[in-house]
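This report looks at how two parts of a protein chain pack together and at an empty space inside the fold. Please keep the structure in view while reading.

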Amino acid sequence: MAPRGNAFVSFITLLSVAGVVIGVMALIIVIAVMSGFENDIKQRILGVESHIVLFHHGGQITGYDKIVGQVEQMKPVVSALPFVMTQVMLRSASGVTGGILRGVDPERAAASIRIFEPFESLNERLTCREQSTDNVGQPPGIILGKELAGRLRVGEGDIVYLVLSMGALSPVGHMPAVKRFEVTGIFEAGMHDFDSAFAFVHLAEAQRILHMEDAVSGIDIRVKDIYKARVIAENIVASLGGYPFYARDWMTMNQNLFAALKLEKVVMFIILTLIVLVAAFNIASSLVMIVMNKRKEIGILKAMGATGKSIRRIFVMQGMLIGGVGTALGGGLGVIACLLLKRYQFIELSSDVYYITKLPVQLEWLDVTAIAGAALLICYLSTLYPAAQASRVNPVEAIRYG
């Protein structure tokens, strides 16, 4: 009976090790994938949006050249890009849709906005009417988001019309202003909110059609350390004298999105930790069975002078050995799996459903350390009850009835 009992205990111990291995490995892979998604979304957002946006409570910033020069002189600042932004209706020969018009300086935008990196010459694409000297009738250029162009059913070289609410009075009432543009480029940010809404034109052209003269809607600012954007934004506003200027950083503008991603990461960590918790119950079960099978041996040890503390330490060490082996194997397999997924990317995602086609993986050693620590802590807690029971064994009764 004893050998069969020992074999069953060994089987339970193997199940415990396997449970810890699977739990730790699953945690590392899932958290790494979620971190990859978060980082990918962050990079895509910062490909269109700036780290800091400077606004004016009056709605428009006048004399912006002086302000841009002042901001760019600050050490943490990499670049400053004045822009004009408004909502418009876009019409083509095949469709009509709403969008957000953004006027930018091509020379500054080429170095500041990442979605323009694939374009060889942004100056030639974002032309304004005054620059079209070769052909007087040539319309200015406009760059559309991929999904926005798809809705309008247009490609490069096609004509689109911007319809603005501000227009002129006519005998039949207020008529909206209509401006003609040529599609000179199509960008893909990889985010639906950007690809389906944004249209870029030359800053001078946007100022002209909106009658803004020497004014802009705001100033996009890029900094060296994106995680210090909030502090830098406060310093920029303070250097400009405070009110009526105010600034918003990229984390504040996307606070809800990143809060949701963080919550999902925490929830997945808690859910997958339950796998390790189940394995911890197996560790406790195996230790309880060992205590029951080894009562006589425990009684002999205590009769020879072993203290309850030393007996308790033996069983805690045995349980931690099981947990340690499982954590080490699970951690190693999880890290290897993440490295393989990142290097070979053999898991493909449908482009019709997801905005990415490859599974993003970002292995962060702080996450790996936290997962390993949590697994070892759970394993340690699972050993306390069996170890306490073993330390309370009466040596006389154990030897007599063992």
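The text below describes a helix pair first and a cavity afterwards, and it concerns a predicted model.

**The helix pair**

Helix H12, which covers residues 308-344, packs against helix H13, residues 365-391, at an angle of about 155 degrees, and their axes lie 8 Å apart. Because angles over 145 degrees count as roughly antiparallel, H12 and H13 are therefore roughly antiparallel to each other. Their crossing is right-handed.

Which residues of H12 meet H13? On the H12 side they include Gly 308, Ile 311, Phe 315, Gly 319, Gly 323 and Val 335, while the partners in H13 include Trp 365, Val 368, Ala 372, Leu 376, Tyr 380 and Ser 391. Sorted by character, the residues of this contact between H12 and H13 comprise 15 nonpolar, 7 polar and 1 charged.

**The cavity**

The structure contains 1 cavity of 30 Å³ or more, and the largest cavity has a volume of about 40 Å³. Its lining is made by Ile 28, Ile 31, Ala 32, Gln 362, Leu 363, Glu 364, Asp 367, Val 368 and Ile 371. Helix H1 (2-48) and H13 each supply at least two residues of this lining. Val 368 thus appears in two places, since this residue of H13 takes part in the contact with H12 and also lines the largest cavity.

The table sets out the character of the residues in the two settings.

| Setting | Nonpolar | Polar | Charged |
|---|---|---|---|
| Contact of H12 with H13 | 15 residues | 7 residues | 1 residue |
| Lining of the largest cavity | 6 residues | 1 residue | 2 residues |

Methods
Residues numbered from 1 in each chain as written. Predicted model: local features only at pLDDT ≥ 70, side-chain atom pairs only at ≥ 80, totals over all residues. Heavy atoms only, no water. Axes fitted to C-alpha atoms, helices over the stretch in contact; angles between N-to-C directions. Helix = DSSP H or I, 4+ residues; strand = E, 2+ residues; numbered from the N terminus. Parallel < 35°, antiparallel > 145°, perpendicular 65-115°, else oblique. Left-handed = near helix turned anticlockwise from the far one by under 90°. Contact = heavy atoms within 4.5 Å. Nonpolar A, V, L, I, M, F, W, Y, C, P; charged D, E, K, R; others polar. 1 Å grid on protein atoms, 1.4 Å probe; cavity = no way out; pocket = protein on both sides within 12 Å on 5 of 7 lines; lining within 4 Å. Points joined across faces, edges and corners; volume = space filled by probe spheres on them.
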